[in-house]
Amino acid sequence: MSKLITAFLPLGENTLSEKLIDELKQNELINKIYLLTQSDIKDNPAGCEILKTENLFGSKTINLIKEKTDSPFALFLIQDIRIEFGQFALERFLSVAEVTAAGFLYSDYYDIKEGERIAHPLIDYQLGSVRDDFNFGPVLFLRKKAFDTWSDVENEYKFAGLYDLRLSISRNFPLIRIPEFLYSSAEIEMRKSGEVLFDYVNPKNREVQIEMERAATGHLKKIQAYLKPDFIRVDSTKENFEFTASVIIPVKNRIRTIGDAVKSVLNQKTNFPFNIIVVDNYSTDGTTGLLKSFAEKDKRLTHIIPKRKDLGIGGCWNEAAHNNNCGKYAVQLDSDDIYLDENTLQKVVDVFHAEKCAMVVGSYKLTDFNLNEIPPGVIDHKEWTPENGRNNALRINGLGAPRAFYTPILRKIKIPNVSYGEDYALGLAISRHYQIGRIYEPIYICRRWEGNSDAALSIEKQNANNLYKDRLRTFEILARQKLNEV
């Protein structure tokens with residue numbers, strides 16, 4: 001069998017095991033092995049050729065791999081960790097590549113934890129998998145011809161080279177997941193899923209975010225899904241409502257936090273009438289009784305127990321938005337969280353009036369249960385710009401909080417009856433036609449504690465969540481492509 005694969009392995013602080021290098025050298029499919037490093041290496045591990053790189057994911061590194069791959073396929077390890085390939089794993093990558101004509105392949109794998117192998121399934125790639133944090137695992141299998149479709153002539157990236165390559169390949173070749181555990185890796189990420197969730201908005205990553213946005217925007221233009229900054233302006237004077245704003249709180253079994261949430265709304269100071277609509281989704285922990293006592297004391301609170309018993313968070317939002325007591329603007333507050341101070345509601349409505357937008361998103365501060373600030377602190381989503389925000393929204397995993405909506409549009413679009421991603425689906429749909437106003441100062445406190453629904457998710461649940469949001473992006477890309485046909 002001819003030598004069909006050129007291997008590229010990163011060599012960083014955690015030196016790759018000679019066992020892996022020896023295994024690859026003995027495999028008759030391997031043509032040559034290159035070690036990628038940012039350091040000056042005097043000793044040549046196992047006689048491999050050293051390639052000096054500035055950044056593993058930069059355009060220069062990708063170009064270097066492209067130039068050095070003189071075989072039909074490239075094996076690219078994107079993390080300096082211990083890898084153990086399974087039985088005939090490379091042969092399996094190769095055979096699937098040959099029958100599918102895939103340009104980019106990846107597979108499920110095992111995490112090695114305390115000597116045990118724990119299954120780490122991944123998810124399938126689709127049209128909407130355009131986020132830059134899509135998890136392919138640490139092992140990529142690439143077709144040389146797919147490399148040849150990519151060029152960094154338009155942009156040279158320090159961080160987004162691999163991301164730009166992947167997007168380019170997706171426009172010309174299938175990206176295929178092999179749903180088999182073809183290798184094992186040392187554990188990569190020790191933090192809880194709730195902590196990892198905020199990596200992309202960490203202020204330290206701002207330079208990275210700018211590059212990723214540039215690459216994503218270029219991709220959307222090439223697939224005719226890019227939208228120019230032309231928006232329908234909202235004339236809110238046409239509609240008459242008893243209340244200018246309604247704070248909507250879906251809740252189920254949050255006896256420890258719902259009282260704080262309600263009080264933070266009742267303490268708001270505004271120059272307009274507002275109310276609260278709490279949709280109590282059959283709580284059993286005392287939440288219902290507490291809300292009834294609030295409603296008896298303050299008529300601004302509408303306590304709803306829906307007739308339906310099949311509602312997720314999105315369904316509860318629909319109940320509130322279509323209620324006769326709902327105001328002109330529907331403003332979000334999660335039952336775990338609170339408004340930063342008594343001016344939050346006023347600031348949100350002022351943006352609606354000033355910018356004639358259909359949705360407003362604020363900024364928030366992350367705290368623990370006792371309101372002590374925790375890293376990364378303030379999440380302001382400054383990656384959003386009025387000109388390109390609705391395009392960049394397809395790359396990121398969320399738009400921020402608190403979120404507020406012009407109620408007539410909310411009633412028209414409807415909200416998916418799910419308990420994850422419903423707000424993201426709504427934001428994407430609104431941004432297709434309307435501007436989204438932003439508040440970049442914190443007006444909201446997001447409390448992270450063990451009771452949060454996303455505090456520590458299993459791999460299976462993370463996969464389900466990511467698959468759903470990718471599907472939402474697929475729907476939105478298709479809608480925008482159709483819109484651009486007109």
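Select alanine 119 to begin: apart from neighbours within four places in sequence, this residue is in contact with Tyr109, Tyr110, Phe181 and Ile459. The model you have open is a predicted one, and the tour starts in strand β7, where alanine 119 is found. With a relative accessible area of 32%, alanine 119 is partly exposed, because partly exposed covers the range between under 20% and over 50%. If you add histidine 433 to the selection, you will be looking at two residues 314 apart along the chain, whose C-alpha atoms are separated by 42 Å.

**The hairpin of β6 and β7**

Now widen the selection to strand β6, residues 104–113, together with strand β7, residues 116–120, which pair in the antiparallel sense over five bridges. To see one of these pairings, pick aspartate 111, whose bridge partner in β7 is isoleucine 118. Two residues lie between the strands of this hairpin, and glutamate 114 takes a positive phi near 50 degrees there.

**Serine 185 in β9**

From aspartate 111 you can step across to serine 185, since Asp111 is among the contacts of serine 185, along with Ile81, Arg82, Ile83, Tyr109, Tyr110, Ile112 and Pro138, when neighbours within four places in sequence are left aside. Serine 185 sits in strand β9, residues 175–186, and with a relative accessible area of 0% this residue is buried.

**The whole chain**

Before going further in, zoom out until the whole protein is in view. There are 15 helices and 18 strands, and the C-alpha atoms fill a box of roughly 80 × 50 × 40 Å along the principal axes. For 486 residues a compact globule would have a radius of gyration near 23 Å, and the 25 Å of the protein agrees with this. Of these 486 residues, 55% count as buried, while the accessible surface comes to about 21,800 Å², with 49% of it belonging to carbon and sulfur atoms. Among the contacts with a separation of 6 or more, 81% are between residues 24 or more positions apart.

**Helix α1 and the largest nonpolar core**

Select helix α1 next, residues 18–26, and colour its buried residues, which are Leu20, Ile21 and Leu24. Seen down the helix axis, these buried residues fall within an arc of 100 degrees, so they line one face of α1. The face turned away from the buried side carries the exposed residues Glu18, Lys19 and Gln26. To see what the buried residues of α1 pack against, show β1 (5–10), β2 (30–37), β4 (73–77), β5 (83–85) and α3 (89–100).

Leu24 also leads into the largest nonpolar core, which has 143 residues and in which Leu24, Leu75, Phe76, Phe85 and Val262 have the most contacts. The largest share of this core, six residues, comes from α3. Click on leucine 75 to see how the surroundings are built: beyond neighbours within four places in sequence, leucine 75 is in contact with Ile5, Thr6, Ala7, Phe8, Leu24, Phe85, Leu90, Val139, Leu140 and Phe141.

**Helix α10**

Move along the chain to helix α10, residues 313–321, which is mostly covered, with seven of its nine residues buried. Which residues of α10 are buried? They are Gly314, Gly315, Cys316, Trp317, Asn318, Ala320 and Ala321. The cover over these buried residues includes β10 (245–251), β11 (274–280), β13 (329–332), β17, α13 (407–413) and α14 (422–431).

**A second hairpin, and leucine 399**

Strands β15, residues 359–367, and β16, residues 373–379, are the next pair to select, and they are joined in the antiparallel sense over three bridges. Lysine 365 stands opposite valine 378 in β16. This hairpin has five residues between its strands, and in the turn leucine 371 has a positive phi of about 70 degrees.

The last stop is leucine 399, in the loop between α12 (389–392) and β17 (403–406). Is leucine 399 buried or exposed? At 6% relative accessibility, leucine 399 counts as buried, because the limit for buried is under 20% relative accessible area. Leaving aside neighbours within four places in sequence, leucine 399 is in contact with Met359, Val361, His381, Trp384, Ala393, Gly427, Ile436 and Arg438. One of these contacts, glycine 427, is 28 residues away in sequence from leucine 399, and the two are 7.4 Å apart from C-alpha to C-alpha.

Definitions and conventions
Residues are numbered from 1 along each chain as its sequence is written. This is a predicted model: local features need pLDDT of at least 70, side-chain atom pairs count only at pLDDT 80 or more; totals for chains, interfaces and linings use all residues. Side-chain values use heavy atoms; hydrogens and water are left out. Buried means under 20% relative accessible area, exposed over 50%, partly exposed in between (1.4 Å probe, protein chains only). Helices (H or I, at least four residues) and strands (E, at least two) are DSSP runs, numbered from the N terminus. The arc is that of the directions from the helix axis to the C-beta atoms. Contact means heavy atoms within 4.5 Å. A nonpolar core is a set of buried Ala, Val, Leu, Ile, Met, Phe, Trp, Tyr and Cys residues joined through side-chain atoms within 4.5 Å. The radius of gyration is taken over C-alpha atoms; the globule rule is 2.2 Å times the number of residues to the power 0.38. Accessible areas come from the Shrake-Rupley method with a 1.4 Å probe; for residues, only the protein chains shown count as cover. Two strands pair if DSSP finds at least two bridges between them.
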